[in-house]
Amino acid sequence: MPRDPLPLLHSTFGFPGFRGVQESVVTRVLAGDNTLAVMPTGAGKSLCYQLPSVVLEGTCVVVSPLIALMHDQLRAATAVGIRAATLTSVDTDQMETIARFRRGELDLLYVAPERASNMAFRELLTQAPLALFAIDEAHCVSEWGHDFRPDYRLLRPLLDHFPHVPRLALTATADKVTRDDILDQLGIPREGMIVAGFDRPNIRYTISPKDNTTRQIADLIAETPGAGIVYCQSRAGTEKMAEALARSGRPTRAYHAGLDPQVRARNQADFVASEDMVICATVAFGMGIDKPDVRFVAHAGMPKSIESYYQETGRAGRDGDPAVAHLFWGAEDFAKARQRMSEVEPARQAGERVRLQALGALVETPGCRRKILLRHFGDDAPDYCGNCDNCLNPPGAVDATEVAKKVLSAVFRTGQSFGMGYIEQVLTGVSTERSLMNGHEALGVWGLVSSADELALLKPVIRALLLRDALRANDFGGLEFGPGARGILKENEEVSLILQPKRERRGRGRSGSSAGTVANPSGDPLFEALRAKRRALAAEASVPPYVIFH
Ligand code: ADP
Ligand code: MG
């Protein structure tokens, strides 16, 4: 019978007790049962194998997907006196590590998944007692997961080669389908799954459409003291954002995989040490970073999936104090995601589609964000959380079905090739040389949108139709029908828009939009005409000009 783990929890790790499901996981592992632990980021998954590795005879082999992550883990384990080593291609002390393993002097041996297919490695593992296989980031084994890594598929034969060594799979981010798949792929029985609560009640989830993302994030920073992460869509984007936000007076840094490794490491270290720094990063940033006092995480664009969203926002407020997660999204993010989806192998498309729909539901909901998030992960959640934008400030809804039909008719009648601006001109009846040339004044849809209320809805409706895949933008920005158009035109499907008051702007000069005004860089007089018409109509609108669609 293994030793009682509690004294070791105090003496080795310095923790007063187990947290959440750690105890049940450790108990199963110590009893030699195969286990899948699904625990949110920051819940303390590492302890679930580190503690058994100290308690049990033999070495615990830890499979981890990233070398950087392994080295972080190694440092942390060594710091508390665990005998640990990594066996990776970049380690210069491989011979010494192998010798230590053979002498039974290692509690933990971190390896990359591709080792699994290496016969010399398999042979090595037979030369000393093994306590446990721990498979970190286990969702990588599933094609349903958001981060499939084919190398993880090499693990099963290795595990099966050592049938008496218990396995512990760990992940923070697995929906139901992915969990079931992990169990199958790694040969863990259904009753071996332990799922921790996913709720992070101190995080306030807020989601808004993009308007001027840099300004929106500058506003967020102005009202949110403390250190924060801004996730950007591209490497160049992180640098631009860091530069723009630096004007606010807050220290900022950029972080992406293309930076010089020394600069990157220094930026990360500066951030971890700082109490008010804003780090603008690609998603390469965050895994394995232990900074409990991150006060906000902003997304300048859609995350890859609801799992990534949960994981990335989960880096805020690990200390339990209030923190903010603010996502800014645009309809084009969804269009891009759909495009990417069509490019993945057919076998994975179904999973991608489900994931995209889940993200759409989160962004689109007039209801509680936390509910959608938690239920996605299979947690029970009440309808009201009291700490997300929609619960705190319930949005109103407006029926925009008629305007949506007008937009679709205009797109159809003009031949499914014109952009958003032109469709707007046609519907509001603003003549241009182009419309005259095309003879579009003669179409039945000309000037069909005449009331201020309808005009205010035009842009948001087009966004909503893009989001629903009722409209698609082609490579030249022209709008054409998507599969969702039929339901609205033929089956009386409703299109309702969510109204949410725009936040007060601070002293900064107004560059934003009202009633959908956009910048007119070329000083085009026709554009001015349209703008004037919009202004005139907006002045008498009863629908607030800031109507937006979620
Ligand atoms: P995960 O891998 O689940 O994201 P980690 O294993 O990195 O989480 O642990 C997150 C933090 O929680 C670490 O700082 C760790 O020291 C701390 N921690 C883990 N278990 C406990 C515990 N029982 N009591 C207090 N702190 C803990
Ligand atoms: Mg971890």
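The questions and answers below concern a predicted model.

Reader: In what order do the seven strands of the open sheet run, and which are the edge strands?
Author: The pairing in this open sheet is parallel, and its seven strands follow the order β3-β4-β2-β5-β6-β1-β7. Neighbouring strands of the sheet are turned by 20° against each other on average, with direction ignored. A strand at the edge pairs on one side only, and this holds for β3 (84-87) and β7.

Reader: Which residue in β6 stands opposite Ala37?
Author: The strands β1 and β6 pair in the parallel sense, and they do so over four bridges. Opposite Ala37, in β6, stands Leu170.

Reader: Which strands does α3 touch where it packs on the sheet, and what angle does its direction make with that of β5?
Author: Helix α3 packs on the sheet by touching β1, β2 (59-63), β4 (108-111), β5 and β6. The direction of α3 makes an angle with that of β5 of about 170°.

Reader: Which residues of helix α2 are buried, and what do they pack against?
Author: Helix α2 (residues 22-30) lies across β1, β5, β6 and β7, and it runs at about 165° to β1. Its buried residues are Gln22, Val25, Val26, Arg28, Val29 and Leu30. These buried residues of α2 pack against α1 (5-11), β1 (35-38), α3, β5 (130-135), β6 (167-171) and β7 (193-195).

Reader: Which helix gives the largest share of the shell around ligand 1?
Author: Of the 13 residues around ligand 1, those that come nearest are Phe15, Arg19, Gly44, Lys45 and Ser46. By class, this shell has five nonpolar, five polar and three charged residues. The largest share of the shell, three residues, comes from helix α3 (residues 45-55).

Reader: Is Arg369 buried or exposed?
Author: Arg369 lies in helix α15 (residues 369-376). Leaving aside its neighbours within four places in sequence, Arg369 is in contact with Tyr205, Ile207, Leu362, Cys388, Asp389 and Asn390. A residue counts as buried if 20 or more other C-beta atoms lie within 10 Å of its own. Because Arg369 has 22 other C-beta atoms within 10 Å, it is buried.

Reader: How is α17 oriented with respect to α20?
Author: Helix α17 (residues 401-413) and helix α20 (residues 452-467) pack with their axes 9 Å apart and at an angle of about 70°. Angles of 65 to 115 degrees count as roughly perpendicular. The orientation of α17 to α20 is therefore roughly perpendicular.

Notes:
Residues numbered from 1 in each chain as written. Chains lettered and ligands numbered in written order. Predicted model: local features only at pLDDT ≥ 70, side-chain atom pairs only at ≥ 80, totals over all residues. Axes fitted to C-alpha atoms, helices over the stretch in contact; angles between N-to-C directions. Helix = DSSP H or I, 4+ residues; strand = E, 2+ residues; numbered from the N terminus. Parallel < 35°, antiparallel > 145°, perpendicular 65-115°, else oblique. Buried ≥ 20, exposed ≤ 12 C-beta atoms within 10 Å, placed from the backbone. Contact = placed C-beta atoms within 7 Å. Near = placed C-beta within 6 Å. Nonpolar A, V, L, I, M, F, W, Y, C, P; charged D, E, K, R; others polar. Pairing = 2+ DSSP bridges.
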